[in-house]
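Here are some short exercises on strands, their partners and the helices that cover them. Have your viewer ready and try each task before reading on.

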Amino acid sequence: MRKRAVTPLKKRAVMSGQTASKAPTWDLSVLYTGLDDPRIEEDQQEADDAVLAFESKYQQSQAWLEQPSELAEALREYEALSTLRAAHASYYAFYRKDLAISDKGAEALQALLTERATRRSNKLLFFALRIGKISEDRQDIVLKSAELAPYRYFLIQLFENAKYDLSEPEERILSLKADVSYGRWIQATENILNSKIVRWRGEELPLPKAEATYAHLPTKARRALYASVREVYGSVADVAESELNAIYTNKKIDDELRGYQAPYEATVRSYQNDLAAVRTLVETVSKHQDIAHRFYKIKTRLLKERKLTYADRAAEVGSVGATFSFEQAASVARGVFYGLKPLYGEIFDQLIQNRQVDVLPRRGKTGGAYCSSGITTPTFVLLNHTNSFESLKTLGHEMGHAVHAERAKLQPPLYQGHSTSTAETASTFFEYATMRRVIEQLPVSKRVIALHNILQDDIATIFRQIAFFRFEERLHAAVRRDGYVPKQRIAELMNEEMAAYLGPSVTLVPEDGNFFVTISHIRRFFYVYSYAYGQLVSKALHRSLERDPNFIESVDQFLTAGESKSPEDIFGEIGIDTRSPRVFEEGLASIAADVDRLEQLT
């Protein structure tokens, strides 16, 4: 089906000796009792039968395209297909695999379910494609029909994107080849990275753990461990070179077949953003990179160094002197969520009480954090809480995603999802509110460190992600121009964009560029802009909330809008004009003011 559930980006596995203790763990029995639960096949068969019946009813008929009343009936039946339980099994296999990366049974089930879901999706391709081909003179009639009013935005999307659709047989071919020409390449690189070990002080650290460790070490140790991590990147560069060239060439072919002009156009349209608004975002952030340069100049002073290396980019400059067990972190975040709106606190509590949050790192559990939700599927949150300041921030971020997912379920099934850019806005809105609460409680002597940490996050979320966007643009252009780009040139492109945002206070060496092997987002083409977009728009929301506490109702209007409108219209209706550079410039100005404050304090 054209409408898809929002699923999380996979994070590479982190292994830890920490045990689960009494912290919440997922209860997946709400989905199924095991891989052999007979309901899995029953739910798949129900979906197979329903899709076949829908195809049989509408595939050979054109009548439903002629009359608004018949099209409305067909859309109701189409929407009902998304409420079937078939997707539960895919989520179940996905979650089991993330709790135990060695769960080969879950991995096998996931592969079978993906293949089966693709077959069902291909049977439904004709429906959206034919609606999109309705003649322009009839489109106006369709969009003005009262019977079709509930589906107006969905129809607008089909009409606007129809020129990029191929024929039904061609769409089936692209769908069938997607995994082997794209997904399995990425999985191969991730599997290799997951298997890599970094030897450090007599220990064998899994690569993700080493990556997460060096920023917290003193300068000499930090740079030494990073050098070992960088060697591992270099050992994987040959594989990653082939992988990136393959998937970027595959995208080139897809874009040419569909007629997309810019490499980022497909992503921006799928996120329902305005192309001009995203271009404005990229250009506005790029124009103000001096803010990041100033930050790293101050960081050089805080670390008492003459020059920084890439290893120092995210280094700690001190400790805020506070740790947060999960119980303490949950108490802080709960207070923030209830303070914003009691309903948000209730959602927070329900997710924990219902064991929809898995908290602590365990050996074999995937690393990172995410929130995952689908139509009729419970919202689940995965964490790897380590009692740190960063873990508290992550809790606020992911539970913000969860509130957004739950509020969007007030929409009809067709609109219960949310675009990636609105999702990142929601999560950063709650994350910032959580961090601000913590900073208010810190002694003055620790606020410099906390302000540094917030700025470091802002710089990474905005300037770094837009640097990745520019890197992707240049790599796509090189692949399309030259046919193949060697690893040395990929690393050079990465270093050039990193240097552009880091500024003269940070010295890079050629080997630093090899970290391209480990950045998952450059494989999910141009996903990165959504982070910068979300961070800057969430700052605009907070500025409005500071002026008027009742603005929380406007925030809730955004959270409950789901996918019923474009992000530009969702925010425009509450007074945030993301088509104008002003919103982005004001957000950047607030970061510049924080840099001024940090400079004064240091």
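The exercises below work through a predicted model.

**Exercise 1.** Work out which residues of strand E1 (residues 197–200) are on its covered face and which are on the uncovered one.

*Solution.* Start from the general pattern: in a regular strand, side chains alternate between the two faces of the sheet. Now go along E1: Val198 and Trp200 make up the covered face, while Ile197 and Arg199 make up the uncovered one.

**Exercise 2.** Find how E1 is joined to strand E2 (residues 203–206), and describe the hairpin of E1 and E2.

*Solution.* First, look at the pairing: the two strands run antiparallel and are joined by 4 bridges. Next, pick out a facing pair: Glu204 in E2 stands opposite Arg199, a residue of the uncovered face of E1. Finally, check the turn: 2 residues lie between the strands of the hairpin, and Arg201 takes a positive phi near 50°.

**Exercise 3.** Derive the strand order of the open sheet of 3 strands, and name its edge strands.

*Solution.* The order is E4-E6-E5, with mixed pairing. The edge strands are E4 (357–358) and E5 (370–374), since each pairs on one side only. As for E4 and strand E6 (residues 377–382), they pair in the parallel sense over 2 bridges, and Asp358 stands opposite Leu382 in E6.

**Exercise 4.** Identify helices that lie across E4, E5 and E6, and give an angle for each.

*Solution.* Take helix H3 (residues 86–99) to begin with: H3 lies across E4, E5 and E6 and runs at about 165° to E5. Then turn to helix H15 (residues 389–408), which also lies across these strands, at about 170° to E6.

Technical notes:
Residues are numbered from 1 along each chain as its sequence is written. This is a predicted model: local features need pLDDT of at least 70, side-chain atom pairs count only at pLDDT 80 or more; totals for chains, interfaces and linings use all residues. Side-chain values use heavy atoms; hydrogens and water are left out. Buried means under 20% relative accessible area, exposed over 50%, partly exposed in between (1.4 Å probe, protein chains only). Two strands pair if DSSP finds at least two bridges between them. Contact means heavy atoms within 4.5 Å. Axes are lines fitted to C-alpha atoms, for helices over the stretch in contact, and angles run from 0 to 180 degrees between N-to-C directions.
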